[in-house]
Amino acid sequence: MPTQRITDRFDRVRAEKRAALVTYVMAGDPDLETSYQTLCALRDNGADIIELGAPFTDPMADGPAIQLAGQRSLKAGTKLADVLALAKRFRAEDKETPLILMGYANPVFHMGYAAFAESAADAGIDGTILVDLPPEEDHELREAYEKYGISVIRLATPTTTEKRIAKVAEGASGFLYYVAVAGVTGAGSADPEDIREGVERAQKVSGLPVCVGFGVRTGEQAAAMAGIADGVVVGTAFVDHVRLALESGDTGSIAGRIGGLAKELSTALKGVSS
Amino acid sequence: MNKLNTWAQWPDEKGRFGEFGGRYVAETLMPLILELEEEYRAAKKDPAFAAQMDDFWEHYVGRPSPLYHAERMSEHFGGPKIYFKRDELNHTGSHKINNCLGQVLLALRMGKTRIIAETGAGQHGVATATACARFGLPCTVFMGATDVVRQKPNVFRMKLLGAEIVPVSSGTGTLKDAMNEALRDWVTNVHDTFYVIGTAAGPHPYPEMVRDFQSVIGKEARRQMLEREGRLPDAVMACIGGGSNAIGLFHPFIEDEGVRLIGVEAAGHGIETGEHAAALNGGQPGILHGNKTYLLQTDDGQIIDAHSISAGLDYPGIGPEHAFLRDTGRAEYLTCTDKEALDAFQLCTRLEGIIPALEPAHAIARLGEVCDSLGKDGLLIMNLCGRGDKDIFSVAEHLGMDI
């Protein structure tokens, strides 16, 4: 069962007494073949969980870096079915690394929740994060996922009150994604001490591992966050490498650059006990 | 469905109009949306809030707006009496101020100290900047970069009123991108900022709240028509972009099943060309900007840019209550092309001495068919929701005239 893959991964990470490295890249940025190489590079350099971005024309929770990545991917013609095919290709060789599809509700809704759930299960997707589908609106999707064991990964934020965290936890599975700063992706970073209480509350109420993201770019920042969470999510810093490679006209270097950053981050996380 | 308490009971407690509406926002915004709903419920019940609104509507906006018998238009179309609800005479020149005042007063009740808004043509931006100037609140307006260039007079008006204008070049630099950017600002400044949405769309409670504020249009029109003609109209009619002026006119008639509700969407270059803004006639259900509704989208669920000669209708979605009224058949939704709107703009100007905005010109363009269907003794109200001063430059350009 897919959720099992997530559970197994956190068991392993816990046994190694460290935090999980969760990485985000945009599928099809700048093309699907490069994305495939990138996924392999992430896995080979210590990414524990991979979030695969599905592009959307109106990414209202994302900062400029991920907005542009989505536009590059759409320009290259990436469709939701292509993102699923990319996941399937990766899953054919890698049976262990959890794959989370991350994006917005409309493309999934448009495909139909049932049809999407079937294709996602077939592609070896373990969970999804749909940013604009809060707990109030995701029960139809959860029903569609049930028979395949796909997780709905929920978000918690500094604005999530003590009362509300129970609502967020109810029906969540896999892990919780704790958004460290109120804002869009790639904006400012949080002081781990400021969110420690919120993260602990999320862990306690949900009984799930809690991964912290937004504003984490470097090994040093990741190590600092690792002290208070079960996992650390890095996205914009990876996506920036795609842009930098494209700007220097060197598409061939993308997987290498991204692998390099994954190495730096995973090495930094090995030094901290979670 | 039951005969009574059917149409006016929506939205339900989840913010749904049938299957449409809802609260599709990121978790960071959810607590605020829930708080807003609570505050709005309290304000709605508070006689002091209602009294404050009435006072501003009367003395600041100039309400009630007249219900005017457009005799020459009626003659032109061969019979039925056409009445214009003159919301173009409001302060700032359109119906937008009805809603902005309500939301800004609510923001003050909630202790918010900063206002943001999105705007396309600039009418909602000007109305929001006006309300902010009146109450001394800082105001930031997000506007597509191309619209900033096209709508210079409104940009200048907003600046005079003290608003900060943020040109948005992300995405395709249009109204929907301005709305994305406003949502990004809101999520970042959620602690002190109130987002004044300009149309009856977005996450619950916005569609309900904007509808309620705009319903002053229909309440007045209903009362005025009963006074003038001693009976209800056979049809009420309005143009539709997001649909706030239309729902404001429709809603007080919604339980009067003998009254036809007729919306007119912008067909741009024609529905068949794909270059239009008619979400109900040329779109499919989807999820965007906090609600489930009809959207212009590709077969992969990506949002398509809208096109209309009228910047105020140039949006790929529509308020969720209209989606519901369409699917249930309670309201009818027609379309009008850019060219038909231009013709209607000129017709109304010549026959009635009223220069309409290009938005209501879309509704004017469909008066002929609607009048034919009503017969000689028919009675019709059309919402003249904005005046055309802002449009004279683009109309001149389309007509090939120099000014």
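## Close-up views

**Figure 1. A:G231 and A:V233 point one way from β9(A), A:V232 and A:V234 point the other way, and all are buried.** Buried here means that 20 or more other C-beta atoms lie within 10 Å of a residue's own; 12 or fewer makes it exposed, anything in between partly exposed, and C-beta atoms are placed from the backbone. This is a predicted model, in which local features need pLDDT of at least 70 and side-chain atom pairs count only at pLDDT 80 or more, while totals for chains, interfaces and linings use all residues. Residues are numbered from 1 along each chain as its sequence is written, and chains are lettered from A and ligands numbered from 1 in the order in which they are written. Strands (E, at least two residues) and helices (H or I, at least four) are DSSP runs, numbered from the N terminus. Strand alternation is at work in general: in a regular strand the side chains alternate between the two faces of the sheet. Look to either side of β9(A): β1(A) runs parallel to β9(A) and is joined to it by 4 bridges, and β8 (residues 210-213) of chain A, also parallel to β9(A), is joined to it by 2 bridges. (Two strands count as paired when DSSP finds at least two bridges between them.) A:V232 is the bridge partner of A:L21, and A:V232 is also the bridge partner of A:V212.

**Figure 2. Helix α11 (residues 236-247) of chain A and what lies around it.** At 1.5 Å a residue, the 12 residues of α11(A) should span 16 Å, and the end C-alpha atoms are indeed 16 Å apart; the expected span is 1.5 Å times one less than the number of residues. The buried residues are A:T236, A:A237, A:F238, A:V239, A:H241, A:V242 and A:A245. They pack against β1 (20-26), α3 (64-75), β9 (231-234) and α12 (254-270) of chain A. Just after α11(A) comes A:G249, with a positive phi near 65 degrees.

**Figure 3. A:E51 and A:D62, the two residues covered by the UniProt annotation "active site".** The annotation comes from an unreviewed entry; UniProt positions are given in the numbering used here, feature names are shortened, and annotations may be inferred rather than shown by experiment. A:E51 sits in strand β2 (residues 49-53) of chain A and is buried, with 28 other C-beta atoms within 10 Å. Leaving out residues up to four places away in sequence, A:E51 touches A:V22, A:T23, A:Y24, A:I100, A:M102 and A:I129, where contact means C-beta atoms, placed from the backbone, within 7 Å. A:D62 is in the loop between β2 and α3 of chain A and counts as buried too, with 27 C-beta neighbours inside 10 Å. With the sequence limit again at four places, A:D62 touches A:Q67, A:V184 and A:T185.

**Figure 4. The face of chain B that meets chain A.** Here 28 residues of chain B are in contact with 35 residues of chain A. On the chain B side, β2 (20-24), α1 (30-45), α8 (175-188) and β11 (284-288) each supply at least two residues, and α8(B) gives the most, with 6. Sorted by class, that side has 12 nonpolar, 10 polar and 6 charged residues; Ala, Val, Leu, Ile, Met, Phe, Trp, Tyr, Cys and Pro count as nonpolar, Asp, Glu, Lys and Arg as charged, and the others, Gly among them, as polar.

**Figure 5. An open sheet of 4 strands in chain B, ordered β1-β2-β12-β11 and paired antiparallel.** β1 (16-17) and β11 of chain B stand at the edges, each with a single partner strand, so one side of each has no neighbour in the sheet. In the middle, 2 bridges join β2(B) to β12 (residues 290-295) of chain B, and B:Y24 stands opposite B:G290. Helix α13 (residues 320-328) of chain B lies across β1, β2 and β12, at about 45 degrees to β12(B). Angles run from 0 to 180 degrees between N-to-C directions of axes fitted to C-alpha atoms, for helices over the stretch in contact.

**Figure 6. Unusual backbone spots.** In general, most residues other than glycine have a negative phi, and most peptide bonds are trans. A cis peptide bond joins B:W10 and B:P11, with omega about 5 degrees, and another cis bond joins B:H204 and B:P205, with omega about 15 degrees. A:F214 is not a glycine, yet has a positive phi of about 85 degrees; A:F214 is in the loop between β8 and α10 (219-226) of chain A. B:T92, also not a glycine, has a positive phi of about 75 degrees.

Terms used: Contact = placed C-beta atoms within 7 Å.
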